[in-house]
Amino acid sequence: MIATPARRRPSGGARAAEAHPPAPAAAAGAIPPRLTLLLVAVLMALPLVLGGARLLTGPWFHQYNPREMSLVDGYPVSWEATYYTDHLPTFASAARPGFGISPVHYRTLIPLFVAAQLYAWTGHAYWSFAATDLLFWGLAGVATVFLALRLGSRPWAAALAGLLVSASPVLISHMWRHDLHTADFAGLPIALWAATVLVDEPRPRWQLAGGLSLVLLLLSLSYQYQWLVAPLAFVLCATQPRIGWLRGAAITAAAVAGFLALTAASEALFRVSVGDPTSWTGATVAPSSALLGRLAAARSPGEVLDAARSVLPGWQQVVAVWRAYHPVVLLAGLAGVCALGRRTIALTATGTAVALVSHLVYPAPWTAALCYPLIAIGAGVACATAGRVVATRIRSGDARLVCALGLALALLCAAVTNLDLAGVPDFSLEWWRSYTNMQSRF
Amino acid sequence: MPATLRRSLVPLTVTGAVALGAGQLVLVAGASWPATRDGALKVLLAVLLVAVAALTVGALCRGREPGPPRRAPVLPAGALRALPVLGVSAVAVALPLLGQPARLSLTLYCYLLLAGVVWWVVRRGAGARVAAGAVCGLAAFTVVAATAQLPSMRFIEDWRPDSPYKWAVGWPTESWRLRHVVRLPGPGPEHALRLRLFLARQYDGPARVFATVNGHDVDVELTPSEMHVDVPAALVGGASELDLVLRQSPPDPRLRLLATRWVEGASRGAGATSFGDGRRWQPGTFNDALGRPQPGVLTLHVEGLE
């Protein structure tokens with residue numbers, strides 16, 4: 001994926017990096033170009049297959065809660081699609097919008113823009129939203145492969161990780177809802193890859209902080225993963241020997257400050273040019289206010305202590321994480337993460353901690369599964385390693401057998417969360433049932 | 001054959017094949033071939049843009065991901081080289097939007113962010129020339145969209161009479177019955193439950209709906225959007241199922257309930273809903289607008305089990 005444009009003599013920082021590489025546990029390699037093209041094609045096609053199948057057999061949400069299903073162009077969506085279809089004319093006609101960019105639009109602005117451009121081309125709202133979701137879903141799988149390589153996975157394990165992200169319940173669960181959450185969720189592996197590249201390649205510190213600010217801004221415009229990636233960026237910096245934790249903290253702080261300034265500027269721009277957000281203003285939960293609001297409302301030391309205690313995750317959050325990934329995938333993922341070394345362990349531990357707190361604020365399975373790219377990378381490594389171990393015992397490590405066994409194990413991991421395709425919708429129903437804002441029994 | 005052309009041959013051929021295949025699918029799906037010159041130009045441009053995207057992906061895949069930063073090269077500063085490409089393309093995007101401040105600012109903002117990302121990713125992987133091509137492709141895509149004038153319309157519908165996904169069912173005759181069976185998760189609780197069914201539209205006519213649950217008459221209440229069937233604690237306590245039967249008198253086609261195609265969430269699956277005359281039941285629903293049975297279930301929610 002990454003070519004070598006005009007090489008320059010490494011700077012002092014680069015020489016230091018070469019002297020102290022972060023030594024991942026698994027030896028990394030590159031995927032041959034032809035296989036890369038094939039892999040990209042497969043990972044872009046997989047969402048078409050998995051998503052298309054659900055349109056025939058039943059999207060997860062519509063199976064669980066058909067009463068909240070609506071229609072766009074005669075096809076099924078969730079009623080929340082109206083947040084976004086309401087703003088399609090803003091992007092596709094000269095009519096002045098009736099209301100501005102509310103938080104629910106702001107946090108999905110990039111996917112909404114892409115969907116609106118496709119709508120302007122085709123005039124079909126339904127398929128424009130679907131194409132946007134499918135495009136980002138495919139990119140999530142591709143980005144996971146390269147993120148896995150960056151974190152030290154072998155190529156085959158990285159490819160399996162891409163497959164597992166594509167088959168992840170996080171991405172499948174919202175397909176055909178047309179709330180653009182599939183595209184939003186896909187932003188996480190893409191941004192994590194970008195942050196890892198920014199941190200790992202030698203560049204001036206101000207440039208790194210600026211780049212990370214933009215990554216956080218893009219994340220805030222495609223869901224709210226900036227609150228997860230900011231601490232992960234610190235972990236990436238701290239585990240990069242060229243940077244270290246002290247400079248890493250400074251860079252991350254500068255990146256967050258830059259992100260906040262860019263956010264304020266963006267919101268001001270939209271307020272001036274589009275108008276005041278007067279519609280759908282209460283449709284989002286801001287993690288910052290949900291967490292800090294309790295502390296800010298405290299009036300005595302006892303209340304402060306209670307407020308602090310109330311944001312500490314409990315057993316329910318652990319169970320939610322356990323269920324959201326499916327135990328088989330989670331255990332495989334954690335085993336693989338451990339094999340990838342301290343950097344990936346630190347990333348996963350930090351991400352899981354953020355997930356536990358996030359689930360406390362917003363008890364949804366997709367907040368519990370906040371670390372899904374890292375768990376998928378771990379599961380890919382575990383499947384590939386297990387395949388290699390078994391193949392070595394059976395036939396002294398025949399390369400094709402290694403790949404076949406690894407793939408079989410990865411398909412098994414993917415299957416446990418995709419059994420609805422075989423007429424066993426228990427996991428998909430439980431996934432939505434665990435979302436406490438939405439109860440349906442019929 | 002020049003190497004550049006040879007390298008481009010595979011992605012171009014694949015793109016052509018995909019475009020032809022997609023075109024066939026669209027035609028099979030019933031779409032008419034673009035009837036206007038504007039439509040035909042859009043299709044042509046779309047195929048060209050797909051080709052640009054395919055070439056870009058091909059170029060990116062030919063590069064090599066260096067993996068962990070053992071010998072990561074220091075890349076030349078790209079921001080300055082991006083400025084002319086991003087600047088000129090942004091002007092091209094902005095021109096058709098002059099006089100539309102909201103659309104202009106939103107489009108430019110999102111375009112510049114996306115173009116910046118495309119430039120950064122492609123330039124790292126395939127060099128500045130390919131990156132400039134990719135940004136120009138994105139700009140062309142945005143410019144065409146910027147010329148569209150699609151009027152505001154109501155996109156969301158709750159249901160359609162002929163929808164395969166969500167439709168409405170009624171009681172065509174006085175003897176017609178609708179039935180829905182809910183299997184309770186464990187023995188029924190010792191308190192009342194409410195069964196909520198959803199009306200196709202608000203109703204204030206003369207018809208009334210009468211309900212029985214497990215063979216006992218129960219109260220039915222209509223709200224502007226829902227029908228509520230209150231099941232007393234005496235019927236719920238210890239029960240394993242709630243067998244709801246609804247009839248209407250006099251029959252009025254305006255009082256209708258919503259039904260849906262997907263049955264997996266129903267506790268009794270495809271057999272949850274049935275219709276008939278009270279003695280013989282047929283599974284699924286009867287779409288009287290189409291005059292034929294339609295597999296599916298009534299949209300219903302049991303309130304009180306949460």
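# A guided tour of chains A and B

Helix 7 of chain A crosses helix 8 of chain A in the right-handed sense. The model under view is a predicted one.

**Stop 1: helices 7 and 8 of chain A**

Select residues 109–122 of chain A for helix 7 and residues 125–150 of chain A for helix 8. The axes of helix 7 and helix 8 of chain A lie 8 Å apart and the two helices pack at an angle of about 135 degrees. Helix 7 and helix 8 of chain A therefore count as oblique to each other. To display the contact, show the side chains of A:P111, A:V114, A:A115, A:L118, A:Y119 and A:T122 on helix 7 of chain A. Their counterparts on helix 8 of chain A are A:A125, A:W127, A:S128, A:F129, A:A131, A:T132 and A:F136.

**Stop 2: helix 9 of chain A**

Next, select residues 155–166 of chain A, which form helix 9. This helix of twelve residues spans 17 Å from its first C-alpha to its last, close to the 16 Å expected at 1.5 Å a residue. How many residues of helix 9 of chain A are buried? Twelve of its twelve residues are buried, and the helix is mostly covered. Among the residues to label are A:P155, A:W156, A:L160, A:G162 and A:S166. To see what surrounds helix 9 of chain A, add helix 2 (33–57), helix 8 (125–150), helix 11 (181–200), helix 21 (372–395) and helix 22 (399–415) of chain A, against which its buried residues pack.

**Stop 3: A:W176**

Move to A:W176, in the loop between helix 10 (169–172) and helix 11 of chain A. Although A:W176 is not a glycine, its phi is positive, near 75 degrees. A:W176 has 25 C-beta neighbours inside 10 Å, so this residue counts as buried.

**Stop 4: the sheet with strands from both chains**

Now select strand 2 (75–78) of chain A and strand 1 (156–157) of chain B, the edge strands of an open sheet, each of which pairs on one side only. The sheet has three strands in the order 2(A)-1(A)-1(B), with antiparallel pairing. Strand 1 of chain A, residues 69–72, is joined to strand 2 of chain A by four bridges, and these two strands run antiparallel. One pair to pick out is A:S70 with its bridge partner A:V77 in strand 2 of chain A.

The loop between strand 1 and strand 2 of chain A contains A:D73. Here, too, a residue other than glycine has a positive phi, which for A:D73 is near 55 degrees. Is A:D73 buried or partly exposed? Having 14 C-beta neighbours inside 10 Å, A:D73 counts as partly exposed.

**Stop 5: the nine-stranded sheet of chain B**

Turn to chain B, where nine strands make up an open sheet in the order 11-10-3-8-5-6-7-4-15, with antiparallel pairing. Its edges are strand 11 (281–283) and strand 15 (300–303) of chain B, each pairing on one side only. On average, and with direction ignored, neighbouring strands of this sheet are turned by 25 degrees against each other.

Within this sheet, select strand 5 (residues 208–213) of chain B, which pairs with strand 6 of chain B over three bridges in the antiparallel sense. B:A211 has B:V218 in strand 6 of chain B as its bridge partner. The hairpin of strand 5 and strand 6 of chain B has two residues between the strands, and B:N214 in this hairpin takes a positive phi near 50 degrees.

Strand 6 of chain B covers residues 216–222; zero of its seven residues are buried, so the strand lies largely in the open. A hairpin with three residues leads from strand 6 of chain B to strand 7 of chain B. These two strands are paired over four bridges, again in the antiparallel sense. B:V220 can be found opposite B:V229 in strand 7 of chain B.

Continue from strand 7 of chain B (residues 226–231) to strand 4 of chain B (residues 193–198): six bridges join these two antiparallel strands. Opposite B:R196 is B:H228 in strand 7 of chain B.

**Stop 6: the cis peptide bond at B:P250**

Finish at the loop between strand 8 (241–249) and strand 9 (257–260) of chain B, where B:P250 is placed. The peptide bond between B:S249 and B:P250 is cis, with omega about -15 degrees.

Methods: Residues numbered from 1 in each chain as written. Chains lettered and ligands numbered in written order. Predicted model: local features only at pLDDT ≥ 70, side-chain atom pairs only at ≥ 80, totals over all residues. Expected span 1.5 Å × (residues − 1). Buried ≥ 20, exposed ≤ 12 C-beta atoms within 10 Å, placed from the backbone. Contact = placed C-beta atoms within 7 Å. Pairing = 2+ DSSP bridges. Axes fitted to C-alpha atoms, helices over the stretch in contact; angles between N-to-C directions. Parallel < 35°, antiparallel > 145°, perpendicular 65-115°, else oblique. Left-handed = near helix turned anticlockwise from the far one by under 90°.
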